[in-house]
Amino acid sequence: EVQLVESGGGLVQAGGSLRLSCAASGFTSDDYDIGWFRQAPGKEREGISCISSSDGRTYYKDSVKGRFTISSDNAKNTVYLQMNSLKPEDTAVYYCAAVPAGCTVTRIYGLATVSSWGQGTQVTVSS
């Protein structure tokens, strides 16, 4: 069955960096698009980035453009999210997700297009 496992979260000072990993099994990341989402306390879960398996194209929410970078290692069936210049408002639980409809569809229709979620990893940015 499909399984996604996130890792790499932690506590960092504002301006610092973290690298999150999403390891996939039950399918291959070269056949499924993978998105990153986050949910802060009291707020709805939001999509922040996505990578396409077909052409490697990447997508970002405006608030993280220039600071976050999504990448993949298809041989390891793993997707990464490099987060630089972190801000306190980035504090949230971060989730990776399988997006069978593709990044371009998920960008429009959001959470309803996600088929599988990871367990989440906590990112806390202190000021």
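A residue counts as buried at under 20% relative accessible area, as exposed at over 50%, and as partly exposed in between, with a 1.4 Å probe and protein chains only. By this rule, 41% of the 127 residues of the protein chain are buried. The model is predicted: local features need pLDDT of at least 70, side-chain atom pairs count only at pLDDT 80 or more, and totals for chains, interfaces and linings use all residues. Residues are numbered from 1 along each chain as its sequence is written, and side-chain values use heavy atoms, with hydrogens and water left out.

The protein chain holds 1 helix and 11 strands. Helices (H or I, at least four residues) and strands (E, at least two) are DSSP runs, numbered from the N terminus. The order from the N terminus is β-β-β-β-β-β-β-β-β-α-β-β. The C-alpha trace spans about 40 × 30 × 25 Å along its principal axes. The radius of gyration of the protein chain is 13 Å, which agrees with the value near 14 Å for a compact globule of 127 residues. That radius is taken over C-alpha atoms, and the globule rule is 2.2 Å times the number of residues to the power 0.38.

Contacts (heavy atoms within 4.5 Å) often link distant parts of the sequence. Of those between residues at least 6 apart in sequence, 58% join residues at least 24 apart. The accessible surface of the protein chain comes to about 6,500 Å². Carbon and sulfur atoms account for 46% of that surface. Accessible areas come from the Shrake-Rupley method with a 1.4 Å probe, and for residues only the protein chains shown count as cover.

The largest pocket has a volume of about 300 Å³. Of the 19 residues that line this pocket, the closest to its centre are G47, I48, S49, T106 and R107. The search used a 1 Å grid over the protein atoms alone. A pocket is an open set of points with protein on both sides within 12 Å along at least five of seven lines, whereas a cavity is a set where a 1.4 Å probe fits but cannot get out. Lining residues have an atom within 4 Å of a point. Grid points are joined across faces, edges and corners, and the volume is the space filled by probe spheres set on the points.

Four elements each supply at least two residues of the lining: β4 (33-39), β5 (46-51), β6 (58-60) and α1 (103-109). By class, the lining has 10 nonpolar, 5 polar and 4 charged residues. Ala, Val, Leu, Ile, Met, Phe, Trp, Tyr, Cys and Pro count as nonpolar, Asp, Glu, Lys and Arg as charged, and the others, Gly among them, as polar. T106 sits in helix α1. T106 is buried, because its relative accessible area is 9%. Leaving out residues up to four places away in sequence, T106 touches F37, V99 and T113.

At the N terminus, E1 lies in the segment before β1 (3-7). E1 has a relative accessible area of 88%, so this residue is exposed. Not counting residues up to four places away in sequence, E1 touches S25 and G26. E1 and S25 are 24 residues apart in sequence, with 7.6 Å between their C-alpha atoms.

Strand β8 (78-83) includes T78 and Q82. T78 is buried, with a relative accessible area of 9%. The C-alpha atoms of T78 and S25 are 9.2 Å apart, across 53 residues in sequence. Q82 is partly exposed, at a relative accessible area of 21%. Beyond neighbours within four places in sequence, Q82 contacts S17, L18, R19, R67, F68 and T69. Q82 and L20 are 62 residues apart in sequence and 6.4 Å apart in space, C-alpha to C-alpha.

Loop residues N77 and S85 flank this strand. N77 is in the loop between β7 (68-73) and β8. Its phi is near 55°, a positive value in a residue other than glycine. N77 counts as buried because its relative accessibility is 11%. N77 and L18 are 59 residues apart in sequence and 20 Å apart in space, C-alpha to C-alpha. S85 is found in the loop between β8 and β9 (92-99). Phi of S85 is also positive, at about 50°, although S85 is not a glycine. S85 is partly exposed, with a relative accessible area of 41%.
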